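Here's a quick briefing to read alongside the sequence and the coordinates. It goes through a sheet, the helices around it, and a couple of individual side chains.

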Amino acid sequence: MSHTTLLTTLLLPLCGLAAADELMPPPYVCQRAAQEITIDGKGDEPAWQHARPLSPLRDIEGPAVQDGTTIRMLWDDRYLYILADMPEENLWATQREHDSIIFHDPDFEVFIDPLCEGNHYIELETNQLNTVWELLVARTYRHANPVILHDWDMPGLKHAVHLRGTLNNAGDTDSGWSVEMAIPWRSITSHGALPRADEPPQPGTAMRFNFSRVNWQVQKDAASPTGYAKCKDAQGNTLPESNHVWAPTGVVNIHQPEHWGRVVFSAQPAGVWESAEPDPEDDARLALYAYAERQEEHRRQHGAYDTALIPPHGMRVMADARFFSVSTLCARTGRELRLDSNGAFTAQRVAQPQPEIYLWVHGGNRTHDAAFWNKRFADYAAAGVDTVIIGDTVEQVQALTPCARKAGLRVIAWVWAVNRPQDKDFLKAHPECYAVSRDGKSCAVEKERPFVGYYQFFCPNNPTVREHLCKVVDRFAAIPGVSAIQLDYMRLPDVVLPRGLWEKYGLTMDHELAPYDFCYCATCRRLFREQYGRDVQEDAEHDAEWREFRLQSVADLASALCERARSHGRSAACAVFPTPQTAARMVRQDWSRFPLDLALPMDYFSFYNEPATWVNDMADAAVKETQSRFPIAPGLHLPDYTPESLQRALDDLRARGIQGISLFSDEEFTPALQQALKEWRK
């Protein structure tokens with residue numbers, strides 16, 4: 001080709017790249033306001049109390065910060081509603097003129113990319129005086145000739161600020177401020193050159209958003225009209241502002257919309273649990289923008305694009321000195337993503353979507369070094385695995401995560417929850433925190449434990465247990481590169497074993513047996529009496545309220561741990577029994593009540609003396625029983641499969657529209673099974 005070079009490394013679909021998890025766009029589900037919202041800055045309507053908060057703000061470059069800002073969103077047919085509450089000891093503001101440069105003051109900023117294409121978006125800023133600045137970016141700053149419309153306005157915009165303290169008074173200590181907005185859809189869905197119309201989004205559609213809180217270090221200054229002055233360094237230069245954002249961009253520049261968070265608009269009213277799922281195209285999309293940025297840097301330095309710049313594996317590029325186009329296939333959605341030098345981003349379905357493939361990895365073998373794990377994770381990625389669920393100590397998961405990320409794999413931390421035999425010091429200090437059976441046996445005592453010695457189950461209602469497990473989640477969630485926490489053993493001991501295990505333990509468990517029926521500890525009995533006004537019935541197996549009490553106790557603990565994971569910006573997953581109804585009967589685990597972002601049902605058909613097709617029935621039942629409120633990745637027990645039968649199982653689940661499939665575990669993921677997955681992926 002005379003003026004255009006075609007470069008390609010398209011051997012396999014781009015499945016996942018090692019982008020820093022701190023920079024992966026956060027997800028959010030925006031639900032509907034069930035009643036009218038009064039814009040007064042207070043956000044005291046019940047709908048706001050039910051609305052789920054966004055994940056915490058981070059530094060714009062990625063690190064976690066102690067900010068305390070809480071942001072919520074709602075919508076109806078007329079408006080998009082935003083509420084932000086910000087702690088602040090010093091309330092001050094100077095900008096009073098509409099469309100003045102608001103970020104010279106502490107401010108709150110909203111960015112909206114309605115079309116999710118990264119080149120036309122809205123910016124809205126407000127300060128503690130309730131002064132606003134509206135902008136329309138028609139061509140973003142990264143291009144040679146950006147187009148910024150500073151005189152663009154939002155007719156019908158409602159906004160209010162509520163101050164918890166005194167503005168511009170350094171003589172007292174303030175506690176914070178809140179911003180409440182109602183943005184008419186006519187300024188979002190039909191902005192720019194299109195005729196304005198009041199058209200709300202369709203449920204299920206998404207937009208890209210970011211939120212920013214700009215703040216300044218100040219000191220008291222009696223000569224200042226506000227009572228404060230911005231702090232300066234030794235050379236007299238004003239110290240830079242802090243930029244805390246919902247979706248970090250990696251640099252002190254929020255005008256990189258490809259990093260902004262994805263907001264899906266739901267038809268459900270606020271308060272109904274729905275998972276906020278990460279965009280499966282984020283890895284591939286960000287890889288395109290990373291390549292484009294390298295080209296833009298070359299143009300800035302040399303005045304032309306680099307026709308010899310080799311794209312990463314999985315991309316195709318057409319380039320000459322004045323124009324380039326880069327594309328890749330996202331296997332998870334079956335869409336070809338394309339980005340060009342004009343900033344035009346498009347996506348077109350060209351193939352059938354493939355489910356996310358998860359692999360449980362036992363990371364506890366200390367004899368293996370980083371080189372071993374680099375090779376092992378590279379093999380898993382080449383076979384078609386997208387995400388590894390790594391288990392062991394915090395230190396070992398921390399050591400293995402960089403190896404997995406280097407191979408382009410996402411990482412979930414595998415955390416044992418209610419059953420924790422590794423907590424030997426806790427056992428010594430708190431034997432009263434462990435589950436007790438109907439016949440008075442305690443999991444704190446080795447000879448009294450059911451089935452196996454490592455069944456050291458906690459009481460799910462004990463407040464000391466909840467505090468302890470929240471700290472466990474904190475430690476795993478703080479590991480850099482971990483994107484989610486997967487809870488395991490989020491249940492009580494097996495009151496009914498799978499049929500295939502009865503002979504192993506010499507039991508007939510067609511009804512509940514007292515030695516395997518937990519938790520009858522003093523804490524649970526007391527709480528049950530307080531709630532129901534009576535003690536447990538003598539025929540405990542048929543006491544429906546006692547059964548409900550324990551199901552909800554496990555669910556309440558799961559909710560607390562899931563929210564703890566999300567407070568760190570991590571998703572919450574759980575390994576569960578095949579369906580909520582099955583799990584409720586067998587291990588007091590009605591996981592339809594858990595506020596999960598991902599469920600991994602362990603559909604090990606051989607444990608239940610069932611045929612392989614039973615997995616499909618369980619997957620269908622689980623989707624129905626959870627009403628599709630969160631994605632499900634059925635777990636396959638690899639020793640039950642040959643290479644051929646594994647491919648058939650993957651085909652069956654994919655045909656059902658299952659979004660993910662999990663494999664247990666790496667120790668049984670033989671080269672033959674890896675090759676079978678690789679061929680199936682192709």
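E22, helix H4 (residues 394-406) and E23 form a β-α-β unit, and its hand is right-handed. Keep in mind that this is a predicted model. The unit's two strands belong to an open sheet of eight strands, so the notes below start there and then move outwards.

**The β-α-β unit and its strands**

- Strand E22 (residues 387-391) pairs with E23 in the parallel sense, over five bridges.
- Within that pairing, Ile390 sits opposite Ala413 in E23.
- H4 lies across both E22 and E23, and it runs at about 165° to E22.
- By the angle classes used here, anything over 145 degrees counts as roughly antiparallel, and the angle of about 165° between H4 and E22 falls there.
- Is strand E23 mostly buried or exposed? Six of the seven residues of E23 (residues 410-416) are buried, so the strand is largely enclosed by the rest of the structure.

**The whole sheet**

- Reading across, the strand order is E26-E25-E24-E23-E22-E21-E28-E27, with parallel pairing.
- At the edges you find strand E26 (598-601) and strand E27 (635-637); each has a single partner strand, so one side of each is left without a neighbour in the sheet.
- From one strand to the next, the twist averages 25°.
- E23 also pairs with strand E24 (residues 484-488), in the parallel sense and over five bridges.
- In the E23-E24 pairing, Val415 is the residue opposite Leu487 in E24.
- Strand E21 (residues 356-362) pairs with E22, again parallel and over five bridges.
- There, Trp360 stands opposite Ile389 in E22.
- As background, strands of a sheet pair through backbone hydrogen bonds, either parallel or antiparallel.

**Helix H3 and its two packing partners**

- Two packed helices are described by the angle between their axes and the distance between the axes.
- Helix H3 (residues 370-383) packs on H4 at an angle of about 40°, with the axes 8 Å apart.
- That angle makes H3 oblique to H4.
- The H3-H4 crossing is right-handed.
- Which residues meet at the H3-H4 contact? On the H3 side they are Ala370, Trp373, Asn374 and Phe377, and on the H4 side Leu400, Cys403, Ala404 and Lys406.
- H3 also packs with helix H13 (residues 671-681): the axes come within 8 Å and cross at roughly 40°.
- That crossing makes H3 oblique to H13 as well.
- Asp379, Tyr380, Ala382 and Ala383 of H3 make the contact with Gln674, Leu677, Lys678 and Arg681 of H13.

**Helices H8 and H9, with Phe549**

- The axes of helix H8 (residues 522-532) and H9 come within 11 Å and cross at roughly 115°.
- The H8-H9 crossing is right-handed.
- H8 brings Cys524, Leu527, Phe528, Gln531 and Tyr532 to the contact, while H9 brings Glu545, Trp546, Glu548 and Phe549.
- Phe549 is a residue of helix H9 with 6% relative accessibility, so it counts as buried.
- Beyond its neighbours within four places in sequence, Phe549 touches Asn461, Cys524, Leu527, Phe528, Gln531 and Tyr532.
- Leu527 and Phe549 are 22 residues apart along the chain, and their C-alpha atoms are separated by 9.1 Å.

**Helix H10**

- Helix H10 (residues 580-587) is mostly covered, with six of its eight residues buried.
- The buried ones in H10 are Pro580, Thr582, Ala583, Ala584, Met586 and Val587.
- What covers the buried residues of H10? The cover includes helix H9 (544-567) and helix H11 (614-626).
- Just after H10, Arg588 takes a positive phi of about 55°.

**A buried loop residue, Thr131**

- Where is Thr131? Thr131 is in the loop between strand E7 (121-127) and strand E8 (132-139).
- Its relative accessibility is 6%, so Thr131 counts as buried.
- Not counting neighbours within four places in sequence, Thr131 is in contact with Gln95, Arg96, Glu97, His98, Ser100, Ile102, Glu125 and Thr126.

Key: Residues are numbered from 1 along each chain as its sequence is written. This is a predicted model: local features need pLDDT of at least 70, side-chain atom pairs count only at pLDDT 80 or more; totals for chains, interfaces and linings use all residues. Side-chain values use heavy atoms; hydrogens and water are left out. Buried means under 20% relative accessible area, exposed over 50%, partly exposed in between (1.4 Å probe, protein chains only). Helices (H or I, at least four residues) and strands (E, at least two) are DSSP runs, numbered from the N terminus. Two strands pair if DSSP finds at least two bridges between them. A crossover is right-handed if, with the strands pointing away from the viewer, the path from the first strand over the helix to the second runs clockwise. Contact means heavy atoms within 4.5 Å. Axes are lines fitted to C-alpha atoms, for helices over the stretch in contact, and angles run from 0 to 180 degrees between N-to-C directions. Angles under 35 degrees count as roughly parallel, over 145 as roughly antiparallel, 65 to 115 as roughly perpendicular and the rest as oblique. A crossing is left-handed if the near helix is turned anticlockwise from the far one by less than a right angle, and right-handed if clockwise.
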